[in-house]
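Me: I should like to go through this structure by question and answer. Please let each reply reason briefly and close on the value or name requested.

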Amino acid sequence: MSLHRTRIDLPSQIRDAAVRVLNARLADTIVLASHAKQAHWNVKGPNFIALHELFDQLHTDLLPFVDDIAERITALGGTAVGTAGAAARASELPDYPLDIADGAAHVEALATAYAAFAERVRKAIEETGEIGDADTADLFTGLSRLADKNLWLLEAHLQARS
């Protein structure tokens, strides 16, 4: 997709590269949020209420970043590609298992997804820093902190079993 005109003083090749990274992570963020909601809706077991609330919070925490990423894309002159279908096709995250109900199984699935997500976000920090877009790298740094914190919340449940 071609870029729209903007007065942002980053050269078009930097903006174009940043938009590609941003759209890739937008897809992953949308998909990860849907994973958390899937777990929220379908969790069962003795820790139901605690996990139900945790999974809803994981979903809610990601929504401002979905918006921030999409708005950064458009600020750079790009087009945010954020429909559910486009996100599902573009995301590098594995599909969420639809056949689980047990709380521990949901925690495991979400922890795996969060770990993969956090790795990709850290790579995006590096990529956008290297191309010269410090503002986008900073956006991803905030998302990285959130991903690590929420992965810790999930892993705390798993570590109790070890």
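Me: Is Leu143 buried or exposed?
Reply: The model is a predicted one, and the classification rests on relative accessibility, with residues under 20% counting as buried. Leu143, which lies in helix H5, has a relative accessibility of 0%. Because this value falls under the cut-off, Leu143 counts as buried.

Me: Which residues is Leu143 in contact with, leaving aside its neighbours within four places in sequence?
Reply: Contact here requires heavy atoms within 4.5 Å. Leu143 is also among the residues with the most contacts inside the largest nonpolar core. With its neighbours within four places in sequence left aside, the partners of Leu143 are Thr29, Leu62, Phe65, Ile69, Phe117 and Val121.

Me: How many residues does the largest nonpolar core have, and which helix gives the most to it?
Reply: The largest nonpolar core has 48 residues, and those with the most contacts inside it are Phe55, Phe140, Leu143 and Leu154. At least two residues of this core come from each of helix H1 (12-42), helix H2 (48-75), helix H4 (103-131) and helix H5 (134-159). The core therefore has 48 residues, and the helix that gives the most, with 13 residues, is H1.

Me: Which residues does Leu154 contact, leaving aside neighbours within four places in sequence?
Reply: Leu154 is one of the residues with the most contacts inside the largest nonpolar core. Another of these residues, Phe55, is also a contact partner of Leu154. With neighbours within four places left aside, the list for Leu154 reads Leu54, Phe55, Leu58, Val107, Leu110, Ala111 and Tyr114.

Me: What pattern does the chain follow when read along the sequence?
Reply: The secondary structure of the chain comprises five helices and zero strands. Read along the sequence, the pattern is accordingly written with helix symbols: α-α-α-α-α.

Me: What radius of gyration does the chain have?
Reply: The C-alpha trace spans about 55 × 30 × 20 Å along its principal axes. For 162 residues, a compact globule would have a radius of gyration near 15 Å. The value for the chain agrees with this expectation, at 17 Å.

Me: What percentage of the residues of the chain count as buried?
Reply: The accessible surface of the chain comes to about 8400 Å², and 54% of it belongs to carbon and sulfur atoms. A residue counts as buried when its relative accessible area is under 20%. Of the 162 residues of the chain, the share that counts as buried is 46%.

Me: Why does Val81 count as partly exposed?
Reply: Val81 is found in the loop between H2 and helix H3 (84-90). Leaving aside neighbours within four places in sequence, Val81 is in contact with Met1, Asn23, Leu26 and Ala86. Partly exposed denotes the range between the buried limit of 20% and the exposed limit of 50%. Val81 counts as partly exposed because its relative accessibility is 29%.

Me: Where does Ala101 lie, and what is its relative accessibility?
Reply: Ala101 touches Asn42, Val43, Lys44 and His106, not counting residues up to four places away in sequence. The C-alpha atoms of Ala101 and Ala33, 68 residues apart along the chain, are separated by 18 Å. Ala101 lies in the loop between H3 and H4, and it counts as partly exposed at a relative accessibility of 32%.

Me: How far apart are the mean positions of the positive and negative charges of the chain?
Reply: The chain has 15 positive and 23 negative charges. The separation between the mean positions of these two sets is 4 Å.

Note on methods:
Residues are numbered from 1 along each chain as its sequence is written. This is a predicted model: local features need pLDDT of at least 70, side-chain atom pairs count only at pLDDT 80 or more; totals for chains, interfaces and linings use all residues. Side-chain values use heavy atoms; hydrogens and water are left out. Helices (H or I, at least four residues) and strands (E, at least two) are DSSP runs, numbered from the N terminus. The radius of gyration is taken over C-alpha atoms; the globule rule is 2.2 Å times the number of residues to the power 0.38. Buried means under 20% relative accessible area, exposed over 50%, partly exposed in between (1.4 Å probe, protein chains only). Accessible areas come from the Shrake-Rupley method with a 1.4 Å probe; for residues, only the protein chains shown count as cover. Lys and Arg count as positive and Asp and Glu as negative; His and the chain ends are not counted. The place of a charge is taken as NZ of Lys, CZ of Arg, CG of Asp or CD of Glu. A nonpolar core is a set of buried Ala, Val, Leu, Ile, Met, Phe, Trp, Tyr and Cys residues joined through side-chain atoms within 4.5 Å.
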